[in-house]
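The following exercises invite the reader to work through side-chain pairings one step at a time. Each task is followed by its solution.

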Amino acid sequence: MHSDRAVTEARLKRVLEERIRPAVYPESVPLTVGVWNAPGEPVPVAEGLAAPRTPIEVGAQWGPPWGTSWFTVNGTVPQAWAGRTVEALLDLGFDENMPGFQCEGLVYRPDGSPVKGLNPRNQWVRVAAPAVGGEAVELHIEAASNPVILDYHPFLPTELGDRETAGSAPRYRLARMDLAVFDQTVWELVQDLEVLGELMAELSEDSPRRWEILRAVERALDAVDLQDVCGTAGSARGRLAGVLAAPAHASAHRISAVGHAHIDSAWLWPLRETVRKVARTTANMTALLEDEPEFVYAMSQAQQFAWIKEHRPEVYARVKKAVADGRFVPVGGMWVESDTNMPGSEALARQFVHGKRFFLEEFGIETEEVWLPDTFGYSAALPQLVRQAGAKWFLTQKISWSQTNKFPHHTFWWEGLDGTRVFTHFPPIDTYNAQLSGKEVAHAVRNFQEKGAATRSLAPTGWGDGGGGTTREMLARARRLADLEGSARVAFEKPSAFFERAHAEYPHAPVWVGELYLELHRATLTSQAKTKQGNRRSEHLLREAELWAATAAVRAGFRYPYEELDRLWKTVLLLQFHDILPGSSIAWVHREAEERYVAVAEELTGIIGAAQSALAGDAEAGTTVVFNAAPHARGGVPGGGAAPVEPGTRAAPVSAAPREGLGFVLENGLLRVEIDARGLIVSVYDLAAERETLAPGAAANLLQLHPDFPNMWDAWDVDHFYRNTVTDLTDLESLELLEDGVVRLVRSFGSSRVEQRIALPAGERRVDIDTEVDWHETEKFLKAAFPLDLHADRVAAETQFGHLYRPTHTNTSWDAAKFEACAHRFVHLEEPGWGVALVNDSTYGYDVTRTVREADTGTTTTVRLSLLRAPRFPDPRTDQGAHRFRYALAPGATVGDAVREGYRINLPERRVPGDAVVEPLVAVGDDAVVLSAVKLADDGSGDVVVRLYESRGGRVRTRLSAGFPLASASVCDLLERPTGPADHDAESVRLELRPHQIVTLRLTR
């Protein structure tokens, strides 16, 4: 037989696009359109509905950036359409290739009830089925003219990312506003041909099935009268029935489709727009659930449910009903889909606390899966937190974005820091916005790593990022792919159903130990420094507020601020969303985040001050009480306690002298620090160990500037080639020794200026560096380097509730790919018996490199903190302006010292007028055990809740002492629900912890 395959496939493409698809709507009449442009920010629905309209024609421009236009469309169903299905086609000027990234709308009835959302892949609204001739039609559209930020030429700098700079020129033209007849048979034919055409393209050319489909498609096209598509569509469908009925092979892979719309809580749009995106999408999805009995939709992020509850209660009522029916499924159990690299210990725990509690209180649902498809890497602390939050499954997709190494599993057990394991799935379809196309389904089958051992995978199905969700076309594909020869079997079902079956068939899945490091988006650890500093500061202020408020409540009858703390925590958790905290959102988002952090700090400082005043005693006594919120004692004040000091009391001064050849020498009996004429630290000598910290001939606190223009994803990425070019910032404007023994220096470079203060505190084995940068560079990367005379194969980096080790070498491609990584308050390197810690108050990115010196064959291990970047997309003025960073080098430090110094620099002492000694509300007998939170129980019972963890990576037996009589004590989950009794007496609780174990205790007074 002669092959005409290519001809038939080309025929299918043209006939489908040019004749059959247009015939889905064979008749149409225009609607009359009026518009009202809301001034400023969006208005309440009632106001938008009542505002006067001005006539507007199709083709007219509308919509300044970030504006809202209220359209009203009116029309009458023609008498000839009686008994037929009629839909309104409402095209606001969409580009169908950009769902979620441009203009959108929410349609309302005249009474203000929402109908559904409009987006580029969902432009129809069902008006009548069957229609009544002469029936009047009136619909209102709240249309958002969100500008396209990520355009066809991506990553170009744009001022559209903030309403203050975006201008007022209209962005869109009305494209179509019609009433139209919807031909169901033609629409079904379109779905038949699409599914078969896409399946055919994925089968090998020598496959008999491909040729069977080809011949059936040819017969169907022969049956279509191109001048009467509607009249012949049924006959064409009949000729496809046989190939569509052929069942899948017994061994066919099974795909669990889950309706989904990954909605970024802020990204290329502000938070306020996400509120409306969620309303549009959920209105669409609840309407689709009513039409499609097999459909199941899942939505994560408790914050997004809370938004529609507050701002769109009429949509929320539909959501609650669908949840009660078991078809609209809350998933994820977190307040938002947060970043997991940078949130602190308590913050990551509270993501689960507030998320799961919302779902329990609103719906009575205990979410069992953690749903984080798009986060930029996953902390090794997560498995333990997942299990302690009452969940048991984990889902991510983002690891498929890794540039260097292909992750070896799709279904596996993930083991965290402490050894806890969680059953994990990584969808082989490689997208969290699946449309169930033939290409996607075939890729999932080919890509699935567990062949021969497992048969199932999951596909989050629906338009996402900017929302939109699942469409009726995706459901039509799923129906046809439910049992179709040549394809995987596809069925919509709940995530829990997938996980139950996947776990049952593959209980002994392979194990992955440690973090799930994303080999991409490494620069999100540094971009938007003020957002990151706001997060770090807020986390520690929340710790202080809870600690001192709880202490004052127990000791002085202070009113514990339950509602205020709940609200403030939720604000901070929201800002940890995986595009906000990583610094990859538009300027508007980060401007607003900075404003919110300032407000959070002001309110928390007030709570802290009020609680400390209630504890401090006589404010007129002439003495000062020092409050220490850190978990370790310092300056004679116990962790979590306070004690008075005499006015003017200060530590003995540090000796400071000129250095030969210019510069200065500082000494405090523990360390001797030399600063040369360039203002660089050239020696940090540990007097007790008789050991030099820095590599011979090297200089520390060296600021280094790199060009920073990644191949793509500017705010997200730093590519390894950035290291090829570096400028050491050694030019000096001034160097002076201040009266307090602090060395002050000033440098200028490019358009920027840096001022540093270097100090050697009395009685401490550390060098403090306070750096202020007035930053006005673009596409540059600023780092602070510390070359150490240290041979270490690994570096310890603090993460939530402990630390993890990463290699300092590049033996494998996996090691080499971690050229920029995350640390919280410290990194630590050591040789047996002696180590060095580098601690910070606000940075997250770091890198470590090793070289061997020719002169003495010794190893120089250089650790660098990442301070500032200057990408131009999506915020063209990222990080421009003034910044302050504090960090410290601690020679001779153990991991325990690193933990202590990390808390010290982030939790400075507070001094309050008074004369009281405040004993800690709780205290632990071993410094290896760190108190992560001390608070009152969220249920208002007055119980004291304590969360603690083993911080050094070893086993500990100790006791927790209570500063109040204990009636009872129980071990709890993260949500403060008792899971069993604690071993206690009237004064203390016995503790036995494994490495990095987290324990939450509930203490009843």
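The exercises below concern a predicted model.

**Exercise 1. Aromatic pairs**

Determine how the rings of F407 and F412 are arranged, and state whether each residue is buried or exposed.

Solution.
1. A search of the whole structure yields 41 aromatic pairs.
2. For F407 and F412, the ring centres are 5.2 Å apart and the planes stand at 55°.
3. Planes under 30 degrees apart count as stacked and those over 60 as edge-to-face, with the rest tilted; the pair of F407 and F412, at 55°, is therefore tilted.
4. F407 has a relative accessibility of 7% and so counts as buried.
5. F412, with a relative accessible area of 1%, is buried.

**Exercise 2. A pair between two strands**

Classify the ring pair of F786 and Y887, and find which strands it joins.

Solution.
1. The ring centres of F786 and Y887 lie 6.1 Å apart, and the planes meet at 90°, so the pair is edge-to-face.
2. F786 belongs to strand β36 (residues 780–789), while Y887 belongs to strand β44 (residues 881–891).
3. The pair therefore ties together parts that are 101 residues apart in sequence.
4. The relative accessible area of F786 is 1%, so F786 is buried.
5. Y887 likewise counts as buried, at 1% relative accessibility.

**Exercise 3. Ring cluster and charges over rings**

Identify residues that ring pairs link into a cluster, and describe where K277 and K398 lie.

Solution.
1. Ring pairs join F295, Y297, F305, Y316, F328, W335, F358, F359, F363 and F492 into a cluster.
2. K277 is placed over the face of W269, 4.2 Å from the ring centre.
3. K398 has its charged end over the ring of W401, at 3.2 Å from the centre of that ring.

**Exercise 4. The surroundings of E755**

Describe the position of E755 and its contacts.

Solution.
1. E755 occurs in strand β34 (residues 752–759).
2. Buried means under 20% relative accessible area; E755 has 13% and is therefore buried.
3. A polar contact of 3.4 Å joins the side chain of E755 to the side chain of R757.
4. Leaving aside residues up to four places away in sequence, E755 touches R744, L745, V746, D770, T771 and E772.

**Exercise 5. Salt bridges**

Trace the salt bridges of R480 and R479, and establish which elements they connect.

Solution.
1. Side chains of opposite charge can pair when their charged atoms come close.
2. The whole structure contains 93 salt bridges according to the search.
3. E188 and R480 form one of them, with their closest N and O atoms 2.6 Å apart.
4. E188 is in helix α3 (residues 184–202) and R480 in helix α13 (residues 472–480), so this pair links distant parts of the chain, 292 residues apart.
5. E188 is buried at 15% relative accessible area, and R480 is buried at 10%.
6. R479 and E292 also meet through their side chains in a salt bridge (2.8 Å, N to O).
7. R479 lies in helix α13 and E292 in the loop between α7 (271–291) and β14 (297–299), so the pair ties together parts that are 187 residues apart in sequence.
8. R479 is partly exposed at 36% relative accessibility, whereas E292 is buried at 12%.

**Exercise 6. A network**

Find the salt bridge between E273 and R272, and place the two residues in a network.

Solution.
1. The closest N and O atoms of E273 and R272 are 2.6 Å apart in their salt bridge.
2. E273 is buried at 0% relative accessibility, and R272 is buried with a relative accessible area of 17%.
3. A network of salt bridges links E41, E104, E142, R163, R272, E273, R276, K277, R280 and R312.

Terms used. Residues are numbered from 1 along each chain as its sequence is written. This is a predicted model: local features need pLDDT of at least 70, side-chain atom pairs count only at pLDDT 80 or more; totals for chains, interfaces and linings use all residues. Side-chain values use heavy atoms; hydrogens and water are left out. Rings of Phe, Tyr and Trp (its six-membered ring) pair if their centres lie within 6.5 Å; planes under 30 degrees apart count as stacked, over 60 as edge-to-face and the rest as tilted. Buried means under 20% relative accessible area, exposed over 50%, partly exposed in between (1.4 Å probe, protein chains only). Helices (H or I, at least four residues) and strands (E, at least two) are DSSP runs, numbered from the N terminus. A charge sits over a ring if NZ of Lys or CZ of Arg is within 6 Å of the ring centre and within 35 degrees of the ring normal. A polar contact is a pair of N or O atoms within 3.5 Å; within protein, one must be able to donate a hydrogen and the other to accept it, and residues adjacent in sequence count only if both atoms are side-chain atoms. Contact means heavy atoms within 4.5 Å. A salt bridge is a side-chain nitrogen of Lys or Arg within 4 Å of a carboxyl oxygen of Asp or Glu.
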